[in-house]
Amino acid sequence: MIAKMEKLLLYGLEGEADSVISQLLQLGCVEISNPEALPDYEQLKELMQYKPADQYNLEQQLSRLWSAIIALSPYEPKKGLFAQRPRVGFDCLTDQALMARAEEICVQVEEALQRIADLKSRISREEFIGASLQPWQELDLPLELEETGKTYFEYLIFPSTADLNQLEADLAEAGLGALLSQQQADRDQKYAAVVYYKGDKPHVWDLIRSQGGVRHHFDRLQGTPAENAALCRSRIQGFSDEIEEANRQLSGLAAQAADVKLAYDVVKMKLDCARSHSKLLSTDHTFMLTAWVPADSRQKIESYLTTTGCYYQFREPEPQEDFPVLLKNSKLVEPFEVITELYALPNPRSMDPGWEMALFYFIFFGIMLSDAGYGLILFFGGLVALKKMDLAPFGKKFMKLITLGGLSTIFWGAVYGSWFGNAIPQIGQVFFGKTIEVPFLLDPMNDPVTVLLLSFALGIVHIFAAMALNAKLLLQRGKVWDAVFDVGLWYLLLIGLLLLLAPGNLAVAGKYMSIVGAIGLVLTQGRDKPNILQRLFSGVLSLYNVSGYLSDMLSYSRILALGLATGVIGNVVNIMGTLPGNSIVGFMVFIAVFLFGHTLNLAINALGAYVHASRLQYVEFFGKFFEGGGRPFAPLRANTKFVYVTDRED
Amino acid sequence: MEIGFSAVFANGNFLAYLGVAVAVFLSSIGSARGVGIVGEAASGLLSENPDLFGQVVVLQALPGTQGIYGFLIGVMIMLRTGMMGGAVELSLGSGAYILAAALPIGIVGLFSAIYQGRVAAAGISLIAKKPDEIAKGIVMAAMVETYAILAFLISMLLVLNIPV
């Protein structure tokens, strides 16, 4: 069902606006809307205006807190699967001490991060210097030595194509008293040092340049290359220790991460309030708020509003006004809303196929998975997850869906006599030498035709239910003749055609029903066309839809196919597991194959059942009546990430 | 001993084994390609948004079912004819019947898995832009699967009624 919505108009004194919004957030059932939809918006706009709210600062604060949470997260203990979010009261919204603590932690985290970044860049600088000294490691002359009384001493770098032996020979041939000391070479460059008389400088450099050599300077370095390299290494060690220290500091701060997370959620709630605030129209002293409220929450809102000095009124939505859609169904149907929501929310003026959809989904999911063993796993697994895991509202609904699906699977598994495939008779035969009969009502393996007919029967009921819903929608809108022509005549024709398969007088009745139905359709289906020829043509053409209904019905054969797939794979797993025979080793192999095989089969076929049960709803069922396009109801509420905010004790 | 062409190929046992092979390898090739196509598309999306893995993997699993259907038909043929037990004695007619029964899931499985993979890959680009619309991507891919299911049903009904 689509929940009834009412529009709330609220006028109050400007000073009260923040506290009203904050209270509405705590009540959690009001969607503050844009006043632009009001009929007298133009006049209001001349009297009132939007007050800018302080969103920017809150956003800044939020992103700082987020960075701190990210930085601290590696140091926090891993959370278990069943960890619950901490519960806090709404008084956290005004907790100044908390914000101060969080701010303090943020500052410390930012400092530590800054220091780590700084140290890392220093380390890379030292590493660079160390690497640049590497080629001259074996020279034991101090780097600051550039000349003696008579000689120059220089470090050289050559391209890898240079021939240093040739250079040495050239220097000797030229009779220069120069000594070239070849050092290491790498892929790109060759390194050397040279010492020569000061007077020979031009000549020596002519030869060096001819091999492409350039001089390398070591700025402000003292001592031999080896000494400097050792120095670099010890400095890197020192920096690494400091990083370690900063990491330890972060790790210490991680103990207080809970405060930062709570602060994050508090700021997030404040930001949501501020965003809602920006939708208020204000004068200097008053404000006006418009909002959507589900009709059954009206009491709750009113009992709060009477305690304030605000003037308020509720009214029904105008005929053209599109209100947000909230699905409201009984506890058993509620989990199946997930399927509808994944497809589309219904148009607010249309209908939500609540229990009808739920019932068919329940049946289809079970009959497609159809193994009582797997059903038990889904059912109890879902119950445990619901009890122990801290799930978001959507996750909770989905888990309930799985639990209910498990229930249906147990039922259909029992009908098919399938408990982990044929595990029970197989185990009995191989390990105990006994023939065990598992009771069953239907055997899809040996009697597939019966199950196929059952599938088609379920499909026909499903399709007819969808047509009934379409008729209901048309009747609600007062289009009685449309319901008669577009649904009633089709019922007549389709039921008539089905009766043709029946024996005796029923077939005769079927013949006349289908003839009347077909003639009726030919006469009515073109009724929106302008002239008689087009009407007749459209009418005749509409009979072609019989093939559409036929293919819809055939589509339900997947119920048999998916059920068989589960059963056969399960049996194959059991057969493969028992191949080694009756022995200790054989039994161990069986356990391993059983666990692995059935886990895989459950995963594949549960996914398949989910997908194909959904498809039958989306295409065959929704396709006949569903009108999408609803906008989800998004109330202002404590939409938190790390904590669970509530003032209730439960 | 001279073994003639007809002794090897026009032989009931050979045709039955060929049926198992056709059902399994054609549909598995299709599934492998289909799942591969989706996987390639998915990796690109995951590099930008790793959180979508859970949704993406559902789409990737969809074209994998044809391989399973083919495998099932293969196993069912083996069970029906007693290949699991070892010695098989099938007449030429039975063998040919089995081969024919294996063809629907083999051939339809091959092509439908590839086309389904392409639709699912398009679904990946759909959820790259609108992660909430995953259900529509899944339904589009499941539309293609309908024909694999029909072929599987036919193959299966034929196999279950093998005159051995």
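Two strands count as paired here if DSSP finds at least two bridges between them. In this predicted model, strand 6 (residues 179-185) and strand 7 (residues 189-197) of chain A pass that test with 5 bridges, running antiparallel. One of the partnerships puts Q182(A) across from A192(A), which sits in strand 7 of chain A. The link between strand 6 and strand 7 of chain A is a hairpin of 3 residues.

**The two chains side by side**

Let's zoom out. Chain A has 21 helices and 12 strands. Its radius of gyration is 40 Å, well over the 26 Å that the globule rule gives for 650 residues, so chain A is more spread out than a compact globule. Chain B, on the other hand, has 6 helices and 0 strands, so to speak a plain α-α-α-α-α-α when you read along the sequence. For chain B the radius of gyration is 19 Å, where a compact globule of 164 residues would come out near 15 Å.

Here are some like values for the pair:

| Item | Chain A | Chain B |
|---|---|---|
| Buried residues | Chain A: 34% of 650 residues | Chain B: 51% of 164 residues |
| C-alpha extent along the principal axes | Chain A: roughly 130 × 85 × 65 Å | Chain B: about 65 × 30 × 25 Å |
| Share of contacts (separation of 6 or more) made by residues 24 or more positions apart | Chain A: 79% | Chain B: 86% |

As for how chain A is carved up, the domain assignment gives domain 1 (5-52 + 278-315), domain 2 (145-217) and domain 3 (334-624). Taken over C-alpha atoms, the centres of domain 1 and domain 2 of chain A are 85 Å apart.

**Where the chains meet**

At the interface, 22 residues of chain A are in contact with 21 residues of chain B. On the chain B side, the elements giving two or more residues are helix 3 (53-61), helix 4 (65-81) and helix 6 (134-160). Helix 6 of chain B gives the largest share, with 12 residues. What about the chemistry of this side of chain B: how many of its residues are nonpolar, polar or charged? The tally is 19 nonpolar, 2 polar and no charged residues.

**Two helices of chain A with a buried face**

Helix 1 (residues 17-27) of chain A buries A17(A), V20(A), I21(A), L24(A) and L25(A). Looking down the axis of helix 1 of chain A, these fall within an arc of 140°, so they line one face of the helix. That spacing fits a general rule. An α-helix has 3.6 residues a turn, so residues three or four places apart point the same way. The cover over the buried residues of helix 1 of chain A includes strand 1 (5-13), helix 8 (257-277) and strand 10 (286-294) of chain A. Just after helix 1 of chain A comes G28(A), with a positive phi of about 70°.

Helix 6 (residues 201-210) of chain A has V204(A), L207(A) and I208(A) as its buried residues. Down the axis of helix 6 of chain A they stay within an arc of 100°, so they too line one face of the helix. They pack against strand 5 (151-159), helix 5 (164-173) and strand 7 of chain A, strand 7 being the one paired with strand 6 of chain A. Turned away from that buried side are the exposed residues P202(A), D206(A), R209(A) and S210(A). Helix 6 of chain A is followed by G212(A), whose phi is positive, near 80°.

**Two odd backbones**

Most residues other than glycine have a negative phi. Which phi does S370(A) take? S370(A) goes positive, at about 45°, without being a glycine. You'll find S370(A) in the loop between helix 11 (354-369) and helix 12 (372-388) of chain A. Is S370(A) buried or exposed? A residue is buried if 20 or more other C-beta atoms lie within 10 Å of its own, and S370(A) has 33 within 10 Å, so S370(A) is buried.

F420(A) is another such case, a residue other than glycine with a positive phi near 50°. The loop between helix 13 (393-416) and helix 14 (423-432) of chain A is where F420(A) lies. F420(A) counts as buried because 24 C-beta neighbours sit inside 10 Å.

Definitions and conventions: Residues are numbered from 1 along each chain as its sequence is written. Chains are lettered from A and ligands numbered from 1 in the order in which they are written. This is a predicted model: local features need pLDDT of at least 70, side-chain atom pairs count only at pLDDT 80 or more; totals for chains, interfaces and linings use all residues. Helices (H or I, at least four residues) and strands (E, at least two) are DSSP runs, numbered from the N terminus. The radius of gyration is taken over C-alpha atoms; the globule rule is 2.2 Å times the number of residues to the power 0.38. A residue is buried if 20 or more other C-beta atoms lie within 10 Å of its own, exposed if 12 or fewer, and partly exposed in between; C-beta atoms are placed from the backbone. Two residues are in contact if their C-beta atoms, placed from the backbone, lie within 7 Å. Ala, Val, Leu, Ile, Met, Phe, Trp, Tyr, Cys and Pro count as nonpolar, Asp, Glu, Lys and Arg as charged, and the others, Gly among them, as polar. The arc is that of the directions from the helix axis to the C-beta atoms. Domain bounds come from an automatic or database domain assignment.
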